[in-house]
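This report introduces a protein to a reader who has not met it before. The sequence and structure come first, and the description follows.

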Amino acid sequence: MKSESGASNRAATPAPVRRVDPDRRNKIIDAALRVIATEGVAGTSHRKVAAAADVPLGSMTYHFTGMDELLHSAFSRFANNVAERFDKRMAQVLTQDDALLAVAANISDDIFAEQHDLTLTLELYTLAARNPAFRDITTQWMGRTRAALEEHFDPTTARLVDALIEGLTIHRALDLNPDNAPNPGKAIRRITTDLDH
């Protein structure tokens, strides 16, 4: 026969509680972007991302079907964040001259300000060039940028300015002396001025 004290001790021991982290998927995506920025897409693995996110390795397969889904989620978040910053900047301008300044500021202060963002941009371009499954991200990103530009420029000019932004980004990333890169404001003004004549 069990003693009352023994029964009481067993009843007082709480059952193990499963720790639930509702933000774990977001933590993994943020960690994936950090890993990609330092290791590149080719150097990114489930193990490295799990370590960066400080989550069990099993969380990777619980939240993502594979590396492609993780990369797609991570780059979608990155592209959306960059597009949102651009939308906000462009939404504050009233004149075309202000729009030119806003685009230049986007290049200098947003894209070029952080090596992290510049590297992620180029990693996304390379991935999308190799794998069409990722081109929906770049297509939507370009579409949002052009839509914001078309609030201030005709569609042809908006497309050219968007292409200039992409080109200056690549030049800045690859130039051994990035200080020699073209001045974004002057480059944009030259394109838009030439279109007026």
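Helices (H or I, at least four residues) and strands (E, at least two) are DSSP runs, numbered from the N terminus. The model is predicted, so local features need pLDDT of at least 70 and side-chain atom pairs count only at pLDDT 80 or more, while totals for chains, interfaces and linings use all residues. Residues are numbered from 1 along each chain as its sequence is written, and side-chain values use heavy atoms, with hydrogens and water left out.

**Overall architecture**

The protein contains 10 helices and 0 strands, and its pattern along the sequence reads α-α-α-α-α-α-α-α-α-α. Of its 197 residues, 39% count as buried; buried means under 20% relative accessible area, exposed over 50%, and partly exposed in between (1.4 Å probe, protein chains only). Contact means heavy atoms within 4.5 Å. Among contacts with a separation of 6 or more, 64% link residues 24 or more positions apart.

**Nonpolar cores**

A nonpolar core is a set of buried Ala, Val, Leu, Ile, Met, Phe, Trp, Tyr and Cys residues joined through side-chain atoms within 4.5 Å. The largest has 30 residues, of which I28, V49, L70, L71, F75, L120 and W141 touch the most other members. Two or more residues come from each of α2 (24-39), α3 (46-53), α5, α7 (115-130) and α8. Beyond neighbours within four places in sequence, W141 is in contact with F78, A79, V82, A83, T121 and L124. Another core lies apart from the largest one and has 21 residues, including M90, A99, I111 and I188.

**Packing of α5 and α8**

Two packed helices are described by the angle between their axes and the distance between the axes. The axes of α5 (residues 67-91) and α8 (residues 135-149) come within 10 Å and cross at roughly 5°. Axes are lines fitted to C-alpha atoms, for helices over the stretch in contact, and angles run from 0 to 180 degrees between N-to-C directions. The two helices are therefore roughly parallel, a term for angles under 35 degrees (over 145 is roughly antiparallel, 65 to 115 roughly perpendicular, and the rest oblique). Among the residues making this contact are H72, F75 and M90 of α5 and D136, W141 and L149 of α8. The contact residues divide into 11 nonpolar, 4 polar and 4 charged. Ala, Val, Leu, Ile, Met, Phe, Trp, Tyr, Cys and Pro count as nonpolar, Asp, Glu, Lys and Arg as charged, and the others, Gly among them, as polar.

**Individual residues**

Three residues may be compared by location and accessibility.

| Residue | Location | Relative accessibility |
|---|---|---|
| A32 | helix α2 | 1%, buried |
| D54 | loop between α3 and α4 (58-63) | 66%, exposed |
| D162 | helix α9 (residues 155-174) | 2%, buried |

Setting aside residues up to four places away in sequence, A32 touches V49, L70 and A74. A32 and A53 are 21 residues apart in sequence and 8.0 Å apart in space, C-alpha to C-alpha. With the same exclusion of residues up to four places away, D162 touches M142, T145, R146 and L149.

Most residues other than glycine have a negative phi. The phi of D54 is positive, near 60°.

**Annotated region**

The unreviewed UniProt entry places the feature "DNA-binding region" at residues 45-64. UniProt positions are given in the numbering used here, feature names are shortened, and annotations may be inferred rather than shown by experiment. The span of residues 45-64 is 70% helix and 0% strand, and its end C-alpha atoms lie 13 Å apart.
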